[in-house]
Amino acid sequence: MYPFLATKRHKLTTIGNISCGFCGSLWLISTLMAKPKVVILGGGFGGLFTALDLSGAADVILVSDSDHFLFTPMLYEYLSGEVEAWHIVPRFDELLDKDVRFIQSYATEVDLGAQTVTLPSYDKKLNYDVLVLTVGGITNYVGVEGAEQFSLPFRKLAHADHIRRVMVEVLDRIPPDMPPQDVRDQVTFAVVGAGASGCELSTKMADLLNDAFRRRALHGEPRVLVIEMSDRIVPGMGDELRAVVEDALRQSRVEIHTEARVVKVSRDGITFEHEGKQENLKAAGVVWTGGVKMGPLIEKLEVEKSKRGLLVIKPTLQLSEHLNVFALGDIAAYPDASPILAGTAQLAFQEASLAGHNIRAYLEGKELRTKHFEELGEALSLGTERAAVLTGGKAFGGALARQARFALYTSRLPTWQHRLRVGASWFFEGTTPQPLLPLGIER
Ligand SMILES: Cc1cc2nc3c(=O)[nH]c(=O)nc-3n(C[C@H](O)[C@H](O)[C@H](O)COP(=O)(O)OP(=O)(O)OC[C@H]3O[C@@H](n4cnc5c(N)ncnc54)[C@H](O)[C@@H]3O)c2cc1C
């Protein structure tokens, strides 16, 4: 039935049969009937969608360190209050049916030889027949002095809550009669990295702060900077989309600093180099969106890796020396993916459907497939009123793009039940941002 099981499992059941007569026979039957165990590490885009696809086809166990999925492309809208937590962080127990077991734990080690995973919160090692590695990346501070200690990351729901709280605390300290220049010095935020993430985040922060200034009748205006090492913003994107993003940054009054390399982050600001000169900037908060690297679980694995430390996989998503191990998403270097798709949810999401198909085929002894992954378009949320959408090679911006983005992302959320609930909520209750209110009234 499951060809790969004929070796390991069959040996075990035969021993059981000898030692315990009738019970052993029952065990023999039940073990032969038992479904193979597929363990999926990581409940993000790669892991959750693979688990949903495989539900019922095997004994599927999803292991993730938090109890919810996070729809990262809308973390910006969560920061601004345009969406609520339940829209973008549905709990696994709401998404998974009874055919998938969920274990909340942080996997610390994988033994590819023994086919086990170490979970500290679990009293024994978890064994698997098939393993799916999809633990995503972690923030890469690229060795910049003080960056890990003093800057704010932006990858999780808690990070968005933290940034919002810092902005509120800073605003709460400003008396209404403070002169504009002093206010500007106090309310300065720097976002490091002007990729899509840095541009989305800085425009959201700027719009929220500008709105708070009006509501609180503060003098002057806040200062939000986006600092980019290369010579342009959104370096991986085309010129047409870049123009829309640049326009949105201007409208949100975000200062763009390109060819500026951050060399130090401290408790009260940053130092960056531009044209050979160093500049110190006092900032109430520095947010780091600079890059992604592999976490310790992947770092420890002794298998073939790319220069960036990603797992080198076959076009079927398998590790070449461990065909029962599949890897996808941000930790895997897919041979045929366009560079623009690397490190994106849209790649992980498409790979999950290939993983689902190939794991079934592997279990059934059928031929595995490969796939060419498509670029599904881009949709950036820019400030609280605008977005930029690239579809069919054409870029457009403004309020219409914002609506298009909401519509698009409704269709990308996991499970049709969740999509329906969230879609109805956005349609009937709206997606108005939540202002930065004084602490105590703030959400
Ligand atoms: C703020 C933000 C916005 C983004 N916006 C976009 C966008 O608009 N479009 C786009 O295409 N991409 C976007 N991305 C990138 C996208 O989120 C990733 O490419 C995608 O999530 C990768 O999927 P994954 O399954 O590889 O990893 P993830 O989605 O990161 O999932 C990995 C999961 O594994 C868990 N985990 C990690 N280590 C362990 C462990 N040892 N044991 C157990 N669990 C573990 C993590 O907590 C996480 O839940 C964004 C990323 C961020 C951070």
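**Sheets, helices and ligand shell**

Student: In the hairpin of S22 and S23, which residue takes a positive phi?

Tutor: This hairpin has 3 residues between its strands; strands are DSSP runs of E with at least two residues, and helices are runs of H or I with at least four, both numbered from the N terminus. The model is a predicted one, its residues are numbered from 1 along each chain as the sequence is written, and side-chain values use heavy atoms, leaving out hydrogens and water. Local features need pLDDT of at least 70, side-chain atom pairs count only at pLDDT 80 or more, and totals for chains, interfaces and linings use all residues. The residue with a positive phi, near 70°, is glycine 383.

Student: What residue stands opposite leucine 380 in S23?

Tutor: S22 and S23 run antiparallel and are joined by 5 bridges, where pairing requires that DSSP find at least two bridges between two strands. Opposite leucine 380, the residue in S23 is alanine 388.

Student: Which residue of S24 is the bridge partner of threonine 391?

Tutor: S23 (residues 386–391) pairs with S24 in the antiparallel sense over 4 bridges. The hairpin of these strands has 2 residues between them, and its glycine 392 takes a positive phi near 55°. In S24, the partner of threonine 391 is lysine 394.

Student: By what average angle are neighbouring strands of this sheet turned against each other?

Tutor: The open, antiparallel sheet consists of 3 strands in the order S22-S23-S24. Its edge strands, each pairing on one side only, are S22 (378–382) and S24 (394–397). With direction ignored, the average turn between neighbouring strands is 10°.

Student: At about what angle does helix H11 run to S23?

Tutor: Angles run from 0 to 180 degrees between N-to-C directions, with axes fitted to C-alpha atoms, for helices over the stretch in contact (heavy atoms within 4.5 Å). Helix H10 (residues 196–216) lies across S22 and S23, at about 25° to S22. Helix H11 (residues 239–251) lies across S22, S23 and S24, and its angle to S23 is about 180°.

Student: In the sheet of 6 strands, which are the edge strands?

Tutor: This open sheet has mixed pairing and the order S3-S2-S1-S7-S20-S19. The strands that pair on one side only are S3 (100–104) and S19 (318–319).

Student: What angle does the direction of H13 make with that of S20?

Tutor: Within this sheet, S1 (residues 37–41) and S2 (residues 59–64) pair in the parallel sense over 5 bridges, and valine 39 has isoleucine 61 as its bridge partner in S2. H3 packs on the sheet by touching S1, S2 and S3, making about 160° with S1. H13 touches S1, S7 (130–133), S19 and S20 (322–327), and its direction makes with that of S20 an angle of about 165°.

Student: Which helix gives the most residues to the shell around the ligand?

Tutor: The ligand is surrounded by 28 residues (a heavy atom within 4 Å), the closest being Gly46, Asp65, Thr72, Ala107 and Asp330. H3 (45–54), H4 (75–79) and H13 (345–364) each supply at least two shell residues. The helix that gives the most, with 3 residues, is H13.

Student: What share of the ligand's own accessible area does the protein cover?

Tutor: A ligand oxygen makes a polar contact (N or O atoms within 3.5 Å) at 2.8 Å with the side chain of aspartate 330. Ligand oxygen also lies 3.3 Å from a polar backbone atom of threonine 344, and 3.3 Å from a backbone N or O atom of glutamine 346. Of the 990 Å² that the ligand has on its own (Shrake-Rupley method, 1.4 Å probe), the protein covers 87%.

Methods
Polar contact = N/O pair within 3.5 Å; in protein donor to acceptor, adjacent residues only side chain to side chain.
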